[in-house]
Amino acid sequence: MAGRGSAGTAGYPNGVRIVVAGDAKTGKSSLIVATATESFPTNVAPLLPPTRLPEDLFPDRVPVTIIDTSSSIEYRGKLAEELRKADAVVLTYACDRPETLDRLSTFWLPELRRLEVRVPVIVVGCMLDKRPDENPISLEQVMSPIMQQFREIETCIECSALRNIQVAEVFYYAQKAVLHPTAPLFDQEQQTLKPRCVRALKRIFILCDHDRDGALSDAELNEFQVKCFNAPLQPSEIVGVKRVVQEKLPEGVSEHGLTLTGFLFLHALFIEKGRLETTWTVLRKFGYNNDLRLTDEQLLPPIKRHPDQSVELTNEAVEFLKRIFFTYDIDGDGFLRPLEVEDLFSTAPENPWNEAPYRDAAEKNALGGLTLDGFLSEWALMALLDPIRCVENLMYIGYAGDPQSAIRVTRRRRLDRKKQQSDRNVYQCFVFGPKEAGKTALLNAFISRSFAEEYVPTNEERYSVNVVEQAGGNKKTLVLHEIPEDEVKKFLSKKDALAACDVAVFVHDSSSESSWKRATELLFDVASQGEATSYEVPCLIVSAKDDLDPYLTEIQDSTRVSQDLGIEAPITISTKLGDFNNVFRRIVNAADHPHLSIPETEAGRSRKQYNRLINRSLMFISVGAAVAVVGLAAYRVYAARKNASS
């Protein structure tokens, strides 16, 4: 494997912008002019305009624009602006003035951090020709303490614009630091590849290991070389590559070819020898950006949809995930244990399910293992909440189809209401209710978590997702989305708040009258919001804690409210006793029939009645107008005949 070719612009279509900063009279402008003209300037302007270097000056053929700056107080605002727009920063000091070197660590490097300028920094000692020869100190000795303190320094170099010593190299290193940065790939302290780099290279290795035998054969290695560097490897070169690996790392080569361990070793070797462009060329060819994530060009374009449309995985994506599940279920026990899930995501930048809202959203066994339904549910939740990231992760774990073939946009919910049937496979249920009503217990029960006696308040939105089997064997994925009581007002302040909701559930503690009253208020708030925005949703009342004695008028109150609103009678449950009264099936059934169980408030009824009156009036006017037109036509015929007879 050899480093031929270049990494291309890779995220820098307009070229690389390098800002030169440092104390006054440290050689900034002379350095820029000497690089652009290959000669030492006799007269230099106090501040140069932006300087564009020829594209063919460096091997990557990426345009470089150099921005000169001033260290004067009045220029400080402009300096900060330029630094924030930089792709790389060149900090200069004068080799014959030690105080300008000290200023790097006392002012310039802290200033970059204060401005949150997170780009590679090249430290340049200018006017090397003026440094006194007595008691010379090596650059490494001078810069090592500073580089230990400021890890953003990519490299250090000394130069002389007067004698044309290492002048062009300054901006070559700066451009290289942008296009081929060390930081994402290599841990300088540990002298190892960084975890995210290992994950990206592992994915590339697996994609190139077509026969899945855990090694790159000579043919696969050659195909990889052609893809990345546009040139084949000679048989003798392949032998040489494997010999280098085998001498240092015997397990890096097997009877089948170069192993993953050997593949990673080669890249670590390239980086240690300063050939970062080789590894970056490989990463770029497989679509990675500087953050070692797939570039936007590799991913889904923005998804066009109305607020009341959702996103689901297609059958093609689901079948792929089923195959992946059984591939990584090494022990064949029907569960993906945490280590197996980590292995599955070992070719992604990170395991996306280690963070909210996915971390605790699906059903797991006592050992933390996911069933197939739990595994598919996690993916369904990600497709619903963050479809672009969902497809990105599908690609990381090996989905090779067109990214757009992995998802489908559902029909608009308002059209579902007209058709009186939903076409969705994944439903989102918003769970409302006052504190201590039993919302969290309902979500926990849905994913088979044991009942917790101690009350723990929920302060942020939370999700539970599982598969619900309907009568007849039809399966739907249900997402329960808990909305804390304190967040409801803020939540409903958004016009499209209910657009993503397929069904709303209102949980109350059946033993507490105040809990019932608050749940009723929330129900009316949601119903009114739906009527006002045309995002009406089916609503169900859940009377929780049925194991406790109900308050005196609970049955009459709940029956009256449900009848007044035109929705089902409350569903009684006890999560403590495990009595759920088919609540999850009934939630899915309500979502299946989006035209039913929609509450109608008094204001909503009045509005509908008013609209009917207006429509009737318009109809009467239009009929009257039609009669008048016919009458006028008849009169004109009569008048014409009369004129003709006379």
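The following exercises, each with a worked solution, concern a predicted model.

Residues are numbered from 1 along each chain as its sequence is written. In this predicted model, local features need pLDDT of at least 70 and side-chain atom pairs count only at pLDDT 80 or more, while totals for chains, interfaces and linings use all residues; side-chain values use heavy atoms, with hydrogens and water left out.

**Exercise 1. The sheet of 6 strands**

Task: Determine the strand order of the open sheet of 6 strands and identify its edge strands.

Solution.

Step 1. Helices (H or I, at least four residues) and strands (E, at least two) are DSSP runs, numbered from the N terminus. Two strands pair if DSSP finds at least two bridges between them.

Step 2. The order in this open sheet is β2-β3-β1-β4-β5-β6, and the pairing is mixed. The edges are formed by β2 (51-53) and β6 (153-158), each of which pairs on one side only.

Step 3. From one strand to the next, the twist averages 25°. Angles run from 0 to 180 degrees between N-to-C directions, and axes are lines fitted to C-alpha atoms, for helices over the stretch in contact.

Step 4. Helix α2 (residues 76-84) packs on the sheet and touches β1 (16-22), β3 (64-68) and β4 (88-94). The direction of α2 makes about 140° with that of β1. Contact here means heavy atoms within 4.5 Å.

**Exercise 2. The surroundings of strand β5**

Task: Describe the pairing of β5 with β4 and with β6, and state how many residues of β5 are buried.

Solution.

Step 1. Strands β4 and β5 run parallel and are joined by 6 bridges. Within this pair, Leu91 stands opposite Val123 of β5.

Step 2. Strand β5 (residues 121-126) also pairs with β6 in the parallel sense, over 5 bridges. Val121 has Ile153 of β6 as its bridge partner, and Val123 stands opposite Cys156 of β6.

Step 3. A right-handed β-α-β unit is made by β4, helix α3 (residues 98-114) and β5. A crossover is right-handed if, with the strands pointing away from the viewer, the path from the first strand over the helix to the second runs clockwise.

Step 4. Buried means under 20% relative accessible area, exposed over 50%, and partly exposed in between (1.4 Å probe, protein chains only). In β5, 6 of its 6 residues are buried.

Step 5. In a regular strand the side chains alternate between the two faces of the sheet. For β5, Val121, Val123 and Gly125 are buried on one side, and Ile122, Val124 and Cys126 are buried on the other.

**Exercise 3. Residues in loops**

Task: Locate Arg61, Met127 and Asp133, and classify each as buried or exposed.

Solution.

Step 1. Arg61 is placed in the loop between β2 and β3. Its phi is near 55°, a positive value in a residue other than glycine. Arg61 counts as exposed because its relative accessibility is 51%.

Step 2. Met127 belongs to the loop between β5 and α4. The phi of Met127 is near 60°, again a positive value in a residue other than glycine. With a relative accessibility of 18%, Met127 counts as buried.

Step 3. Asp133 lies in the loop between β5 and α4 (139-149). Its relative accessibility is 68%, so Asp133 counts as exposed. The C-alpha atoms of Asp133 and Arg585 are 86 Å apart, the two residues being separated by 452 residues along the chain.

Step 4. A further loop, between α12 (338-344) and α13 (372-385), holds Pro357. The peptide bond joining Ala356 and Pro357 is cis, with omega of about 5°.

**Exercise 4. The packing of α9 and α10**

Task: Describe how helix α9 packs with helix α10, and classify the contact residues.

Solution.

Step 1. Two packed helices are described by the angle between their axes and the distance between the axes. For α9 (residues 260-272) and α10 (residues 276-285), the angle is about 135° and the axes are 7 Å apart.

Step 2. This angle makes α9 oblique to α10. Angles under 35 degrees count as roughly parallel, over 145 as roughly antiparallel, 65 to 115 as roughly perpendicular and the rest as oblique.

Step 3. From α9, His267, Phe270 and Ile271 meet Leu276, Thr278, Thr279 and Val282 of α10. By class, the contact has 4 nonpolar, 3 polar and no charged residues. Ala, Val, Leu, Ile, Met, Phe, Trp, Tyr, Cys and Pro count as nonpolar, Asp, Glu, Lys and Arg as charged, and the others, Gly among them, as polar.
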